[in-house]
Amino acid sequence: MKDEFKLISKYRPSGDQPHAIDKLVEGIEDGLKEQVLLGVTGSGKTFTMANIIERVKRPTLVIAHNKTLAAQLCNEFREFFPKNRVEYFVSYYDYYQPEAYIVSSDTYIEKDMAINDEIDKLRSSATSSILERDDVIIVASVSCIYGLGNPDEYYNLHISLREGDVIDRDEVIARLIGIQYNRNDVDFKRSTFRVKGDTLDIFPANQSELALRVEFFGDEIDRLYEFDPVSGKAVNELKVATIYPATHYAVGRERMERALKQIEEDRLIAIDNFKAQEKHIEAERIGQRVAYDMEMMREVGYCSGIENYSRYFDGRKPGEAPYTLIDYFPKGFLTIIDESHMTLPQVRAMYNGDKARKTSLVDYGFRLEAARDNRPLTFDEFNSKLGQVIYVSATPAKYELSRAGQVVEQVIRPTGLLDPLIEVKPIKDQIEVLMVEAKKIIDKGSRVLVTTLTKKMAESLTIYLQEHDFKTKYMHSEIDTMERVEIINGLRSGEFDILVGINLLREGLDMPEGALIQTIGRAARNANGKVIMFADVITDSMRRALEITEKRRELQERYNKENGITPKTIVKPISNTLEISKKVSDGKLSKEDIPKEIEKLAGMMKIASASLDFERAIELRTQIQELRKQLSK
């Protein structure tokens with residue numbers, strides 16, 4: 001039986017939502033390639049998307065323009081679809097310095113990175129889910145257009161175990177090693193296995209709470225069950241279990257041998273080409289580097305930077321588009337591009353930036369030509385891979401509007417909430433005015449968001465407000481994904497009252513408690529929402545915003561009067577369904593978790609020091625010292 005979406009909510013579509021849902025579903029069924037949902041902030045666009053997904057019953061890819069917005073959308077969809085699979089797919093780097101060569105200074109920069117294991121797990125969970133089921137929603141950032149391993153190879157390499165199967169234990173172990181699982185009888189963690197007599201324990205790459213135990217009786221699988229790796233207690237008896245590769249770049253032995261043969265041929269060609277140009281340093285460099293990588297791949301099936309050889313493993317021709325998350329979806333899937341006016345320009349810009357960096361690496365002998373094909377999709381390739389698309393935005397750009405088969409507006413808010421009142425105040429004494437206004441808002445039990453122009457301004461303002469006894473935090477792009485979610489939930493729960501940030505505060509933050517300063521749309525989730533702009537001159541863009549806001553207020557007021565609606569602030573539960581492996585009871589790490597956290601922070605501190613970010617390194621050192629104190633108590 002086909003898995004179907006089941007939306008669970010105490011709410012029913014209202015306001016403009018029923019019309020928007022019907023029209024967009026009708027457009028999908030009529031075969032419209034592209035549509036636009038023009039929905040104002042606070043009109044319940046996510047709920048509309050959820051209803052569309054339930055109605056059309058198709059696997060769905062939702063693309064957001066940053067990790068924070070993607071995390072929030074994923075949480076909301078998980079609340080709407082608790083019985084279905086809702087997955088999260090973003091870049092797994094907490095820190096990433098791509099490999100590069102700067103010609104002008106003859107400087108080679110090695111790839112340096114810190115991988116977030118939690119997000120890596122969620123990525124594996126996403127790809128395995130879409131290959132197993134139809135009722136899947138994957139909420140992704142723009143990282144979904146970056147190269148990923150061949151989905152056919154990823155699927156073909158999975159290991160399926162059944163109770164009663166006749167299979168040698170050592171054969172299963174060999175297959176696990178072949179898909180990049182490591183044996184570790186001491187530190188049993190994700191993507192590892194351990195062996196004790198006739199018992200084989202496997203910690204799947206897409207799991208972090210339950211491991212798999214396989215008990216053999218001779219050459220037969222006698223028992224198969226999931227267990228808690230901490231307590232060892234059996235949780236679920238299984239008849240069948242599927243284990244997917246530990247990496248999306250895993251390849252079978254036969255394909256690996258073919259790839260290595262092609263790599264060696266191209267290595268020799270590159271050496272000859274450099275020598276013909278009398279570039280002997282480059283010839284020596286490419287020869288040694290590729291030979292070393294080949295040896296690593298031959299011995300352990302992997303090497304640093306293996307993604308640069310992905311074309312060989314995938315069987316692609318030079319210049320051919322890489323496989324991405326999009327290729328893991330079946331035919332007929334639906335794509336929803338949230339905040340399309342922000343997301344599409346990001347997609348469009350990714351390819352050229354990557355191309356410039358790769359060109360230097362190839363031209364100077366650091367990488368083979370094939371490295372150029374480890375890249376994000378071009379904008380045209382991206383469009384060609386999508387099926388039917390809904391662009392969602394309060395301010396869609398000309399591109400979306402010009403291509404859409406229809407534009408459906410969602411202006412009326414079911415809650416009756418009005419667009420916020422806006423005040424324009426002079427720049428003089430703005431900090432003092434900000435503190436006065438913030439105190440009024442906080443005393444009423446609401447929250448404040450302040451938008452600044454730069455990261456430095458955000459940090460300085462945060463310190464200044466803290467010195468004046470305001471509970472304040474700041475958020476910017478260098479704060480990792482999981483911490484951003486915690487900060488947003490901390491603001492909503494009242495741990496602090498003011499959040500200061502830069503551009504990332506403008507799009508998609510859903511905090512109904514907030515009375516927002518300088519960010520108009522976000523204030524439309526609170527009945528007492530208010531926006532203050534600090535400016536000495538009203539610009540054309542400000543004037544347009546003021547006019548549009550006033551027009552929408554009038555439209556909503558008319559609707560409220562006709563339907564007897566009293567505006568009510570949206571109240572949502574505060575939750576985070578993403579960090580499902582972190583076992584924290586009171587917000588503090590357990591003593592068992594502290595050593596691992598210290599190790600992680602120490603690695604981040606080294607990265608900060610190497611990047612000459614000494615302020616960040618000092619902060620991390622302080623955190624390490626505090627954790628060591630806790631550990632010694």
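Is Ser191 buried or exposed, and what is its relative accessibility? Ser191 counts as buried because its relative accessibility is 11%. This residue, in what is a predicted model, is taken up again in the last of the close-up views described below.

**Figure 1. Helix α14 and its two sides in the predicted model.** Helix α14 comprises the 13 residues 455–467, which at 1.5 Å a residue should span 18 Å, and the 19 Å between its end C-alpha atoms agrees with this expectation. Ala458, Glu459, Leu461, Thr462 and Leu465 are the buried residues of α14. Because these residues cover an arc of only 165° around the axis, they lie on the same side of α14. An α-helix has 3.6 residues a turn, so residues three or four places apart point the same way. Lys456 and Glu467, by contrast, are exposed on the other side of α14. The partners against which the buried residues of α14 pack are helix α13 (430–443) and the strands β21 (448–451), β22 (472–475) and β23 (498–501).

**Figure 2. The open sheet of β21, β23 and β22 with the helices that lie across it.** The three strands are arranged in the order β21-β23-β22, with parallel pairing, and form an open sheet. Its edge strands are β21 and β22, each of which pairs on one side only. On average, and with direction ignored, neighbouring strands of this sheet are turned by 25° against each other. Strands of a sheet pair through backbone hydrogen bonds, either parallel or antiparallel. Between β22 and β23, which run parallel, there are four bridges, and Tyr474 stands opposite Val500 in β23. Helix α13 lies across β21 and β23 and runs at about 155° to β21, while helix α14 lies across β21, β22 and β23 and runs at about 175° to β22.

**Figure 3. A salt bridge within helix α7, between Glu257 and Arg253.** The two side chains meet with a distance of 3.3 Å from N to O. Both residues belong to helix α7 (residues 253–276), in which Glu257 and Arg253 are four residues apart, about one turn of the helix. Glu257 counts as partly exposed because its relative accessible area is 37%, and Arg253 is likewise partly exposed, at 47% relative accessibility.

**Figure 4. Further salt bridges, chosen from the 31 that the structure holds.** Side chains of opposite charge can pair when their charged atoms come close. The side chains of Arg183 and Asp185 form one such salt bridge, at 3.2 Å from N to O, and Asp185 is partly exposed, with a relative accessibility of 41%. In another, Glu423 is joined to Lys425, with 3.2 Å between the closest N and O atoms. Glu423 is partly exposed, having a relative accessible area of 29%, and Lys425 also counts as partly exposed, because its relative accessibility of 21% is not under the 20% that defines a buried residue. Glu99, Arg289, Asp293 and Arg367 are linked with one another in a network of salt bridges.

**Figure 5. The surroundings of Ile271 in helix α7.** Ile271 counts as buried, with a relative accessibility of 14%. When residues up to four places away in sequence are not counted, Ile271 touches Ala283, Ile286 and Gly287. The C-alpha atoms of Ile271 and Glu282 are 7.9 Å apart in space, although these two residues are eleven residues apart in sequence.

**Figure 6. Ser191 and Asp469, two loop residues with a positive phi.** Most residues other than glycine have a negative phi, and most peptide bonds are trans. Ser191, found in the loop between β10 (182–183) and β11 (192–196), has a phi near 70°, a positive value in a residue other than glycine. As stated at the outset, Ser191 is buried, at 11% relative accessibility. Asp469 lies in the loop between α14 and β22, just after α14, and its phi is also near 70°. Asp469 is exposed, with a relative accessible area of 72%.

Conventions: Residues numbered from 1 in each chain as written. Predicted model: local features only at pLDDT ≥ 70, side-chain atom pairs only at ≥ 80, totals over all residues. Heavy atoms only, no water. Expected span 1.5 Å × (residues − 1). Buried < 20%, exposed > 50% of the residue type's maximum accessible area, 1.4 Å probe, protein only. Arc of directions from axis to C-beta. Contact = heavy atoms within 4.5 Å. Pairing = 2+ DSSP bridges. Axes fitted to C-alpha atoms, helices over the stretch in contact; angles between N-to-C directions. Salt bridge = Lys/Arg side-chain N within 4 Å of Asp/Glu carboxyl O.
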